[in-house]
Amino acid sequence: MLRALNEVGILSQANHRNLVKLLGCCREAEQPLMIYEYISNRILHDHLHEALAYLHSIAYPLIYHRDVKSTNILLDNEFNAKVSDFGISRLACPGLSHVSTCAQGTLGYLDREYFCNYQLIDKSDFYSFRVVLLELLTSQNAVDFSRDENSVNLVSYVISTRKPWFSYECSG
């Protein structure tokens, strides 16, 4: 209840085109009912997840991007997210468990399993995508040399905060 009332108080003071608009609130129910503007295009995660799922399961041959990062996600005039920069992408035949290739991509976004074992899989792109989401959630860069030496990498930084958001280690 307090959280909802706090949200009402905050959003009633804010007005920006990139903030969801609170249209109304009913406090008389057991749980406050909040009414927001309708957002027709869902969340960023859905759009980008769909794009990667297309590359990994529908495109023929399959495509592993290898460099999913925030600077390779562009926004069009309607703010639709578009994955770009396929310069180091690799094609894969359906049914293969991985593509063996030297690790390429941008530090901070590279899947540790791929980096350690040189086995590129669809999950490698999704690891990078999760780093992009962490950037959005934490407002931190994927690599930041001003952080402690054990936390230069954003994933290491998040793990060091003891938050159970992200966990990934090399095996083998």
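These legends describe several close-up views of one predicted protein model.

**Figure 1. Overview of the predicted chain.**
The model shown here is predicted. The protein chain has 172 residues, and 31% of them count as buried. Five helices and eight strands make up its regular elements. Read from the N terminus, their order is α-β-β-α-β-β-β-β-β-α-β-α-α. So the chain opens with a helix and then two strands, and it ends with two helices, as the terms for helix and strand number them from the N terminus. The views below visit several places along this order.

**Figure 2. The hairpin of β1 and β2.**
Strand β1 covers residues 22–26, and strand β2 covers residues 33–36. The two strands run antiparallel. Four bridges join them. How many residues does the hairpin use to join β1 to β2? The link is six residues long. Look across the pair at one position: Cys25 stands opposite Met34 in β2.

**Figure 3. Two cysteines without a bond.**
How many disulfides does the structure hold? The count is zero. Cys25 and Cys26 show the reason. The sulfur of Cys25 has its closest cysteine sulfur in Cys26, but the gap is 7.0 Å, so the two are too far apart for a bond. A disulfide needs the sulfur atoms within 2.5 Å. The view from the other residue agrees: Cys26 is in no disulfide, and its nearest cysteine sulfur is that of Cys25, 7.0 Å away. Are these residues buried, exposed or partly exposed? Cys25 counts as partly exposed because its relative accessibility is 32%. Cys26 is also partly exposed, with a relative accessibility of 30%.

**Figure 4. A nonpolar patch on the surface.**
Which residues make this patch? They are Leu23, Leu33 and Ile35. Together they form a nonpolar surface patch of about 310 Å². Leu23 lies in strand β1. Leu23 counts as exposed because its relative accessibility is 60%. The cut-off for exposed is over 50%.

**Figure 5. Ser12 and Gly24.**
Find Ser12 in the loop between α1, residues 2–11, and β1. Is Ser12 buried or exposed? Ser12 counts as exposed, since its relative accessibility is 52%. Now find Gly24. Ser12 and Gly24 are 12 residues apart in sequence. In space, their C-alpha atoms are 9.5 Å apart.

**Figure 6. The cis peptide bond before Pro61.**
Pro61 sits in the loop between α2, residues 44–58, and β3. Look at the peptide bond from Tyr60 to Pro61. This bond is cis. Its omega is near -5°.

**Figure 7. Asp67 and its two partners.**
Asp67 is found in the loop between β3, residues 62–64, and β4, residues 73–75. Asp67 counts as buried because its relative accessible area is 8%. The cut-off for buried is under 20%. What does the side chain of Asp67 contact? One partner is Thr106: the two side chains make a polar contact at 2.7 Å. Another partner is Lys69, which forms a salt bridge with Asp67. The closest N and O atoms of that pair are 3.7 Å apart. Lys69 is buried, like Asp67. How many salt bridges does the structure hold? There is one.

**Figure 8. Arg66, with a positive phi.**
Arg66 lies in the loop between β3 and β4. Arg66 is not a glycine, yet its phi is positive, at about 75°. Is Arg66 buried or exposed? Arg66 counts as buried because its relative accessible area is 3%.

**Figure 9. Ser139, with a positive phi.**
Ser139 lies in the loop between α4, residues 122–138, and α5, residues 154–160. Ser139 has a positive phi of about 60°, although it is not a glycine. Is Ser139 buried or exposed? Ser139 counts as exposed because its relative accessible area is 66%.

**Figure 10. Arg147 and Tyr157.**
Arg147 lies in the loop between α4 and α5. Arg147 counts as buried, since its relative accessibility is 10%. How do Arg147 and Tyr157 stand in sequence and in space, and what are the two separations? They are 10 residues apart in sequence. From C-alpha to C-alpha, Arg147 and Tyr157 are 8.1 Å apart in space.

Terms used:
Residues numbered from 1 in each chain as written. Predicted model: local features only at pLDDT ≥ 70, side-chain atom pairs only at ≥ 80, totals over all residues. Heavy atoms only, no water. Buried < 20%, exposed > 50% of the residue type's maximum accessible area, 1.4 Å probe, protein only. Pairing = 2+ DSSP bridges. Patch = residues over 30% accessible without salt bridge, like charges linked within 9 Å, V, L, I, M, F, W, Y side chains within 5 Å. Areas by Shrake-Rupley, 256 points an atom, 1.4 Å probe, with all protein chains shown as cover. Salt bridge = Lys/Arg side-chain N within 4 Å of Asp/Glu carboxyl O. Polar contact = N/O pair within 3.5 Å; in protein donor to acceptor, adjacent residues only side chain to side chain.
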